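The following exercises introduce a structure step by step. Please study the sequence and the model before reading each solution.

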Protein chains: 2
Amino acid sequence: MNLLLLEPTDLVEHDRAILHGRRLKHLLEVHRAEAGDNLRVGLVGGAMGTGCLLRLNGSEAELTISLEQPPPAKLPITLLLALPRPKMLRRVLQTIASMGVPRLVLLNSYRVEKSFWQTPFLEPPAIHEQLILGLEQARDTILPEVLLEKRFKPFVEDRLPQLATGSLGLIGHPGSYPPCPRAVTEAVTLAIGPEGGWIPYEVEKLCAAGLEPVQLGERILRVETAVAALLARLF
Amino acid sequence: MNLLLLEPTDLVEHDRAILHGRRLKHLLEVHRAEAGDNLRVGLVGGAMGTGCLLRLNGSEAELTISLEQPPPAKLPITLLLALPRPKMLRRVLQTIASMGVPRLVLLNSYRVEKSFWQTPFLEPPAIHEQLILGLEQARDTILPEVLLEKRFKPFVEDRLPQLATGSLGLIGHPGSYPPCPRAVTEAVTLAIGPEGGWIPYEVEKLCAAGLEPVQLGERILRVETAVAALLARLF
């Protein structure tokens with residue numbers, strides 16, 4: 001927790017907050033915080049700054065806050081990701097939040113097991129929890145938007161062309177394609193496939209929506225590693 | 001498992017192998033393999049190619065193999081990593097193996113908790129297991145070399161200068177440093193700090209050994225994400 005993130009409901013006045021639960025536990029057990037300590041704080045959806053601990057005990061902590069800094073810029077990207085298996089999903093949500101992805105579309109694919117759509121980790125509070133962990137890690141306050149698209153074809157045919165308009169559209173896909181570009185300055189729409197990759201029909205459909213396949217070399221990376229590697233290379 | 005990796009002890013003849021255990025289970029349960037199936041196979045430390053399943057049942061699988069392809073090239077890097085916490089260590093070992101790091105030095109640092117050095121995940125068979133998972137993922141056969149350096153100062157003073165000779169020496173470190181270079185062609189020695197970062201004394205010592213701090217932006221990334229991002233940006 002490199003940033004103590006406050007939810008609007010934690011504020012008891014505009015410059016005073018009271019904390020319970022996980023964050024209190026973390027302050028006590030990991031930071032070994034004491035009254036008088038200064039902490040980096042941020043307001044979810046708002047600014048960042050400093051908090052001063054007035055008091056804390058086993059049940060709550062109270063702090064005054066002063067929020068004057070803007071959060072860091074997001075990357076100009078919309079990331080489409082074939083829904084990963086549940087355990088990977090949680091980590092990927094943290095990764096994309098920490099790296100500054102503002103919009104994630106979790107998409108169905110032929111190689112996504114149907115059961116993955118049933119995981120409790122896709123429920124809004126569970127997604128929120130992982131995104132917050134990513135923001136706390138990276139020191140950011142703005143939650144990425146996460147969209148669930150359980151039907152590949154209607155999304156890619158009807159909505160993706162508009163979503164990708166004006167951006168560089170890329171499909172991360174192993175094969176004899178051009179290498180993924182580096183240090184781009186324009187907005188990007190990037191589609192990353194499931195374990196085993198997009199099937200040819202899906203690549204065709206993504207291409208018809210204006211995206212082009214690019215590769216990262218012959219090594220096949222786990223989704224989480226591929227996401228970090230592609231984002232770091234692009235921006 | 002994108003590549004079935006054989007250990008030399010699996011070979012009963014130069015072109016025939018017998019498998020048990022985890023890989024057999026994976027073939028049966030995930031690949032749903034049957035006699036007659038062709039698989040991508042590789043020999044740990046050797047070449048890659050094709051295997052044909054002669055027979056398999058609940059206790060063993062037998063296959064003929066033909067290995068003619070070289071494994072993919074490694075990255076020209078020596079990675080120094082402050083020892084991560086045990087759970088992260090396991091994933092990082094997979095990540096570095098999958099991305100083609102040939103040599104990893106796990107190093108002590110002021111911010112590495114002493115208990116991390118006691119984890120059973122540092123025992124050679126445990127390290128081997130995670131590296132193999134990374135190689136299977138990426139389709140590679142060559143195990144990275146992993147060195148444990150429990151004493152920061154003697155390593156950085158006495159051994160690092162020689163290790164880093166002739167390479168671009170970099171320290172991944174948040175702060176007002178030059179951005180991490182992109183698409184380098186020379187060999188690199190890269191040092192990545194613990195959660196919380198290297199302390200100033202350590203940065204000084206690493207600089208004295210010929211390394212220079214570079215940054216990846218104001219976001220603080222988990223070690224595993226930082227490793228993938230820095231490698232993808234450098235090469």
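Axes are lines fitted to C-alpha atoms, for helices over the stretch in contact, and angles run from 0 to 180 degrees between N-to-C directions. Helices (H or I, at least four residues) and strands (E, at least two) are DSSP runs, numbered from the N terminus. The model is predicted: local features need pLDDT of at least 70, side-chain atom pairs count only at pLDDT 80 or more, and totals for chains, interfaces and linings use all residues. Residues are numbered from 1 along each chain as its sequence is written, chains are lettered from A and ligands numbered from 1 in the order in which they are written, and side-chain values use heavy atoms, with hydrogens and water left out.

**Exercise 1. Describe how helix α6 of chain A packs on helix α6 of chain B.**

Solution. Two packed helices are described by the angle between their axes and the distance between the axes.

Step 1. Helix α6 (residues 223-234) of chain A and helix α6 (residues 223-234) of chain B have axes 8 Å apart, at an angle of about 45°. α6(A) is therefore oblique to α6(B). Here angles under 35 degrees count as roughly parallel, over 145 as roughly antiparallel, 65 to 115 as roughly perpendicular and the rest as oblique.

Step 2. The crossing of α6(A) and α6(B) is right-handed. A crossing is left-handed if the near helix is turned anticlockwise from the far one by less than a right angle, and right-handed if clockwise.

Step 3. In contact terms (heavy atoms within 4.5 Å), A:E224, A:T225, A:A228, A:A229, A:A232 and A:R233 of α6(A) meet B:E224, B:T225, B:A228, B:A229, B:A232 and B:R233 of α6(B). These contact residues comprise six nonpolar, two polar and four charged. Ala, Val, Leu, Ile, Met, Phe, Trp, Tyr, Cys and Pro count as nonpolar, Asp, Glu, Lys and Arg as charged, and the others, Gly among them, as polar.

**Exercise 2. Give an overview of chain A, from its elements to its contacts.**

Solution.

Step 1. Chain A contains six helices and twelve strands.

Step 2. Taken along the principal axes, the C-alpha atoms of chain A fill a box of roughly 60 × 40 × 35 Å.

Step 3. Of the 235 residues of chain A, 51% count as buried. Buried means under 20% relative accessible area, exposed over 50%, and partly exposed in between (1.4 Å probe, protein chains only).

Step 4. Among contacts in chain A between residues at least 6 apart in sequence, 70% join residues at least 24 apart.

**Exercise 3. Is strand β11 of chain A enclosed or open, and which strands pair with it?**

Solution.

Step 1. Five of the five residues of strand β11 (residues 188-192) of chain A are buried, so β11(A) is largely enclosed by the rest of the structure.

Step 2. In a regular strand the side chains alternate between the two faces of the sheet. On one side of β11(A), A:V188, A:L190 and A:I192 are buried, and on the other side A:T189 and A:A191 are buried, leaving both faces covered.

Step 3. Two strands pair if DSSP finds at least two bridges between them. Strand β7 (residues 77-82) of chain A pairs with β11(A) in the parallel sense over five bridges, and A:L81 has A:I192 as its bridge partner. Strand β10 (residues 168-172) of chain A also pairs with β11(A) in the parallel sense over five bridges, with A:L190 as the bridge partner of A:L170.

**Exercise 4. Place A:I65 within its strand and its sheet.**

Solution.

Step 1. A:I65 lies in strand β6 (residues 61-69) of chain A. A:I65 is buried, with a relative accessible area of 9%.

Step 2. Leaving aside neighbours within four places in sequence, A:I65 is in contact with residues including A:L6, A:L11, A:V41 and A:T50.

Step 3. Strand β5 (residues 48-56) of chain A runs antiparallel to β6(A), and eight bridges join the two. The bridge partner of A:L53 in β6(A) is A:L63.

Step 4. Six strands of chain A form an open sheet with mixed pairing, in the order β1-β4-β5-β6-β3-β2. Its edge strands are β1 (4-6) and β2 (11-13) of chain A, each pairing on one side only.
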